[in-house]
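Open the model in your viewer and keep the selection box handy. We will go from one stop to the next, choosing a selection each time and saying what is there.

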There are 4 protein chains.
Amino acid sequence: MRVGVLTGGGDCPGLNAVIRAVVRRGTRDHGFEFVGYRDGWKGPLEGLTMPLGVEQCRGILPRGGTILGSSRTNPFSIEGGVERIKDNLAADGVDALVAIGGEDTLGVATKLADLGVKVVGVPKTIDNDLSGTDFTFGFDTAVNIATEAIDRLHTTAESHHRVLVVEVMGRHAGWIALHAGIAGGASAVLIPEQPFDIAAVCAHVETRFESEYAPIVVVSEGAVPADGSGMTLASGEKDAFGHVRLGGIGDRLASEIEHRTGKEARAVVLGHVQRGGTPTAFDRWLATRFGLQAVDAVADGDFGTMMALRGTRIDRVPLAEGTAELKLVSAEEYAEAEVFFG
Amino acid sequence: MRVGVLTGGGDCPGLNAVIRAVVRRGTRDHGFEFVGYRDGWKGPLEGLTMPLGVEQCRGILPRGGTILGSSRTNPFSIEGGVERIKDNLAADGVDALVAIGGEDTLGVATKLADLGVKVVGVPKTIDNDLSGTDFTFGFDTAVNIATEAIDRLHTTAESHHRVLVVEVMGRHAGWIALHAGIAGGASAVLIPEQPFDIAAVCAHVETRFESEYAPIVVVSEGAVPADGSGMTLASGEKDAFGHVRLGGIGDRLASEIEHRTGKEARAVVLGHVQRGGTPTAFDRWLATRFGLQAVDAVADGDFGTMMALRGTRIDRVPLAEGTAELKLVSAEEYAEAEVFFG
Amino acid sequence: MRVGVLTGGGDCPGLNAVIRAVVRRGTRDHGFEFVGYRDGWKGPLEGLTMPLGVEQCRGILPRGGTILGSSRTNPFSIEGGVERIKDNLAADGVDALVAIGGEDTLGVATKLADLGVKVVGVPKTIDNDLSGTDFTFGFDTAVNIATEAIDRLHTTAESHHRVLVVEVMGRHAGWIALHAGIAGGASAVLIPEQPFDIAAVCAHVETRFESEYAPIVVVSEGAVPADGSGMTLASGEKDAFGHVRLGGIGDRLASEIEHRTGKEARAVVLGHVQRGGTPTAFDRWLATRFGLQAVDAVADGDFGTMMALRGTRIDRVPLAEGTAELKLVSAEEYAEAEVFFG
Amino acid sequence: MRVGVLTGGGDCPGLNAVIRAVVRRGTRDHGFEFVGYRDGWKGPLEGLTMPLGVEQCRGILPRGGTILGSSRTNPFSIEGGVERIKDNLAADGVDALVAIGGEDTLGVATKLADLGVKVVGVPKTIDNDLSGTDFTFGFDTAVNIATEAIDRLHTTAESHHRVLVVEVMGRHAGWIALHAGIAGGASAVLIPEQPFDIAAVCAHVETRFESEYAPIVVVSEGAVPADGSGMTLASGEKDAFGHVRLGGIGDRLASEIEHRTGKEARAVVLGHVQRGGTPTAFDRWLATRFGLQAVDAVADGDFGTMMALRGTRIDRVPLAEGTAELKLVSAEEYAEAEVFFG
């Protein structure tokens, strides 16, 4: 059997570990051959392949990124895209696909599976917001990087009497902010699921100064102020210290807190540092097990499925289940941590 | 209500995070007061207390060790020990206990609960071998430290044509070896649950040299050779290179591999470095959630229970369930990773 | 003898290590007593003291920040400031001062020394731009943090075909950018001392894409475009991808590169993460030796001096020498690394 | 010009960074071609070559080990070895050599230079004991790894009332122990240059327990007890706790301390973890600059020289000067830190 492998969407530590596990197990235990498709769905769409075997996977386990490259190409938004994929798979002699990616990449996989393409999915999202699985690889790495940053900021906040705002990834879901905020001992965690009241945030910051704690506010990039509570400073206005803060929510929040509390505030926007580089042990273990199980699913003919962590087991769930809706932080989960922030 | 808190057994990153969560939630949401008992069960046995409130918990979240100290004292092996504990709890006005510890510490808690002491347990074992919970805090930190060590050893093994044996913790269970071995890309993982065949290990090492891979062997401190396969070198004998290797299984294994394969081998015994220092984000999050849930269990009068991670939920299970038997690596779990080692 | 100690200016890993060394040596070997002045020159100005002895220094060696607090207060810009300092020193029975700080803090120390205050200085600047010393503590930590970030960004740049711009500290001097750029294998390093030509930067980025290298551009916060080469996009305009990039040079540069090359670019602004948290071993060693030597200088009556690293020796140089002019990256030093960037 | 490059001796983080710098600069700025010799002096001795150009050096900057491999082969101890080297260099068309290594490797280089071979040396020793240079690359990485280990052990020592002995590298010189001991806040540092008095070490450990400090003893692998002070336990005897401690000085010291003080003691032997893996930023910077300067020396015809760090400059010194005698910790340097240990 000849199996194609591709990786799509944003970077995420652990992609190479999945690829390696798929190839090592498939080669040794199932006698498969592999074709690497480059740059996500662009690969099978345009026939961009690369050799993929045990040799190519040497030394890649601890490395970030993906040896296959990635893109956000969606064949369903391209005229005749699906046919071209089917034709290319046939031309390359590829019987089945392992697609590693997030909502978009697996969304394409789900539709292709419905159209008869033999595909197995491996969930990938740094934000941990895919349903059906307890965790996705890459998330633990991102949370550790954010937590280390918060650790480093604590002493500055305390010694230098500053408010520090840390903007972390999470466009729709606040998992990184919540976990890193708990792990880093933040004073407040603001997430997309719970619009925040800026006055309450500022009041809380001031309480922290009184008790001489370091006021560190962790905010998801997708967090928004509650209606009516909103931020008084327009983007680009000067604040009390003459600073102009622009760009993302982190910068705007720091500006607003300075303006309202009269305390100096600084924002740190971690950005792509959270997405790259070597994965944590947890993420390598999870990614490896996803890969092993995915290629076993191919061997079993269990197509249209996606791998999912449930407790310590790797289960196979229908692809559609994983991509149907985002997994958001519930009100109860947010409240659980409130004792540290309230 | 007045609640005593104690930590027992070996060191484990995350103990302070549990203590902080218990105290923060208990103080704010349940109006509890706390008494710190020093050095495990020795504290209530000998009436060794220390003040424990929000102030004492400041800044301890990222710190290894335990502000309460620890010991391996077992009141059941001391004449009149249980009565002294009951008397001291009464004298200190302590209504309930939160006991944080492993098999031994929670074993005592289980028996005391049977004797009417109001106690809630939080599982702690670096080896991850307590039943009833998916993971225990500290384990992820230990696995990461072992994985980083393996990462560092890879390049030396490759450049310098050496076999490197890494001995990790795990007296009865091979979880640390298995997870770090998978995450670090080891060539072989030897665990207590699966007695190893030394000839097979050496044959595998030689294969790795042929394919120019770095031969790294991860071994649990409790791993043993299979009957009859055994190690020919007695402890203390000189090997082919004139080295005398003594002490633990790591050193003996390195010696044996040198002797049988004629390749230079070195052992690295990670030891206590795996047990101390700052916890990973995962361990801080898990320890914090255990602490929150434990003090809620006290508030609910849910005594005789132990906290347990199940998927992403914290459940309460009977103390006896967690300490009845060790959680070992199953043959299936070991086989899953065999593709990388076989 | 009674010695006051203060720390001024921005945060810098190693401040606590200096304080501890001063106090440990001074107490044991010179029989000194110590007074902690809080928040830089604000302490002696307003008589803000705290107890400072061996006990207060326990456990602070690996911690970022400063137990004494800091500020940017300048007594020379306050009416009667110098007299108030002299009066407070006299009132506190303080015979001599150890002042730990950068250009501003040591500038004040220099002037006070001229006015008869017995003061010894310890240089502190994360930017490494103080003259007279090979290195200052904190710099090595900042460079390592920036290098780790660059390491993490490499794989994303390669897998995802992106330009990554990393903005690091360095308002007037490019030392952090130069060292982290060399250590991280950057494609280009832009520093304040060498105004850059944006067209050349973009041409270089495009070359890197052709050879499939990850184009990573490290830029000091104080770097500026050369006259006439300048950036065409005003702050706030939309770029080719519809992104509005604002704020610092990192964001503007990413925007400009996208606009000119048509390649996606992202900026990472490391900010305060570089300044806080635990110091590297080098910085702890250097800070400790500065502290030991500074209190020995007090014991020797060698006032008006500043500690300086020369090779592996700690020398005492006149305070004025260290603060007379900034230490900038020379054209030769910049050119040395050009082979990697050119 | 055709230049051969080789790396000899034990592993040391930064070797690849030197190789990359030599090749990048030599190719671009001097028009050189390169030949990689495998496994130290074994390469030119046996004619083992590999292609070496900009392509082979891609991505190696942050990696430990050496792409060229290493060995301890000494051509002067092999009949006709020197002639075979000369013949092979001639056969490979190699005009000059860059030899990267420690005392042994550079000792060979020194003798070959005297015999007319055109060779430039780059000093390499994890122990930092080569004369003529302030520091060697790899040392900073080793010190950081040892310091992180000590950091981790502190909390265990405190919480669990244990003595922890950390054995670090340093056969003849105590630099790693001294720097890591200062940086990690050790209670005592024992080095080869200063034979230790075991009774004094134990007395000091007991004092530390009284003041509730964590007693951490850092010991170089080459440290020895002073005559007459010696260790009473023979290797292999049972100590007070029934433990048998064998092997290196770390294990024996832990055993002896237990025996004499009645306090539980544990040894951690860091071993090869100190030698492998990614270099710190300092080591990458130093290794890169050594490489740039070494290939410039070849271009200048400045043979028989070795690169040396002096302050922040890279100087060229005669090869013989660097290998004439070991650089040891002086009594003054040891005494400087004594305040923390005494």
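## First stop: where chain A meets chain B

Select chain A and chain B together: 41 residues of chain A and 41 residues of chain B take part in the contact, where contact means heavy atoms within 4.5 Å. Before going on, please note that this is a predicted model, in which local features need pLDDT of at least 70 and side-chain atom pairs count only at pLDDT 80 or more, while totals for chains, interfaces and linings use all residues. Residues are numbered from 1 along each chain as its sequence is written, chains are lettered from A and ligands numbered from 1 in the order in which they are written, and side-chain values use heavy atoms, with hydrogens and water left out.

Between them, chain A and chain B bury about 3,800 Å², and carbon and sulfur atoms give 55% of that area. Buried area here is the accessible area (1.4 Å probe) that two parts lose on being put together, summed over both. Now pick Glu336(A), Val339(A) and Phe340(A): in chain A they lose the most area to chain B, together 17% of what that side buries.

Which residue of chain B meets Arg289(A) in a salt bridge? Show side chains and you will find Glu336(B), with 2.9 Å from N to O. The rule finds four salt bridges across this interface; a salt bridge is a side-chain nitrogen of Lys or Arg within 4 Å of a carboxyl oxygen of Asp or Glu. It also finds 12 residue pairs in polar contact, both residues at pLDDT 80 or more. A polar contact is a pair of N or O atoms within 3.5 Å; within protein, one must be able to donate a hydrogen and the other to accept it, and residues adjacent in sequence count only if both atoms are side-chain atoms.

Next, colour the helices of chain A. Those that each supply at least two residues to the side touching chain B are H1 (15-29), H5 (139-160), H6 (175-184), H9 (281-300) and H12 (338-341). Helices (H or I, at least four residues) and strands (E, at least two) are DSSP runs, numbered from the N terminus. H9(A) gives the most to that side, with seven residues. By residue type, the side of chain A that touches chain B divides into 15 nonpolar, 11 polar and 15 charged. Ala, Val, Leu, Ile, Met, Phe, Trp, Tyr, Cys and Pro count as nonpolar, Asp, Glu, Lys and Arg as charged, and the others, Gly among them, as polar.

## Second stop: chain D and chain C

Switch to chain D and chain C. Here the contact takes 41 residues from chain D and 41 residues from chain C, and the two chains bury about 3,800 Å², 54% of it on carbon and sulfur atoms. On the chain D side, Glu336(D), Val339(D) and Phe340(D) supply 17% of the area buried against chain C, more than any other three residues.

There are four salt bridges between chain D and chain C. For one of them, zoom in on Arg289(D) and Glu336(C), whose closest N and O atoms are 2.9 Å apart.

## Third stop: chain A by itself

Hide everything but chain A. You should see 12 helices and 11 strands. Of its 342 residues, 65% count as buried, meaning under 20% relative accessible area, with exposed being over 50% and partly exposed in between (1.4 Å probe, protein chains only).

Then select Phe34(A), in strand E2 (residues 33-37) of chain A. Phe34(A) counts as buried, at 8% relative accessibility. Phe34(A) and Gly4(A) lie 30 residues apart in sequence, yet 5.7 Å apart in space, C-alpha to C-alpha. Beyond its neighbours within four places in sequence, Phe34(A) has contacts that include Val22(A), Leu52(A) and Val295(A).

## Fourth stop: a helix in chain B

Select residues 175-184 of chain B, helix H6: 10 of the 10 residues are buried, so this helix is largely enclosed by the rest of the structure. Among the buried residues are Trp175(B), Leu178(B) and His179(B). Gly185(B), which follows H6(B), has a positive phi, near 70°.

## Last stop: two loops in chain C

Finish with Asp39(C), in the loop between strand E2 (33-37) and helix H2 (42-46) of chain C. Its phi is near 60°, a positive value in a residue other than glycine, and Asp39(C) is buried, with a relative accessible area of 9%.

Then move to Asn128(C), in the loop between strand E5 (119-123) and helix H5 (139-160) of chain C. The phi of Asn128(C) is also positive, near 65°, and Asn128(C) counts as buried at 2% relative accessibility.
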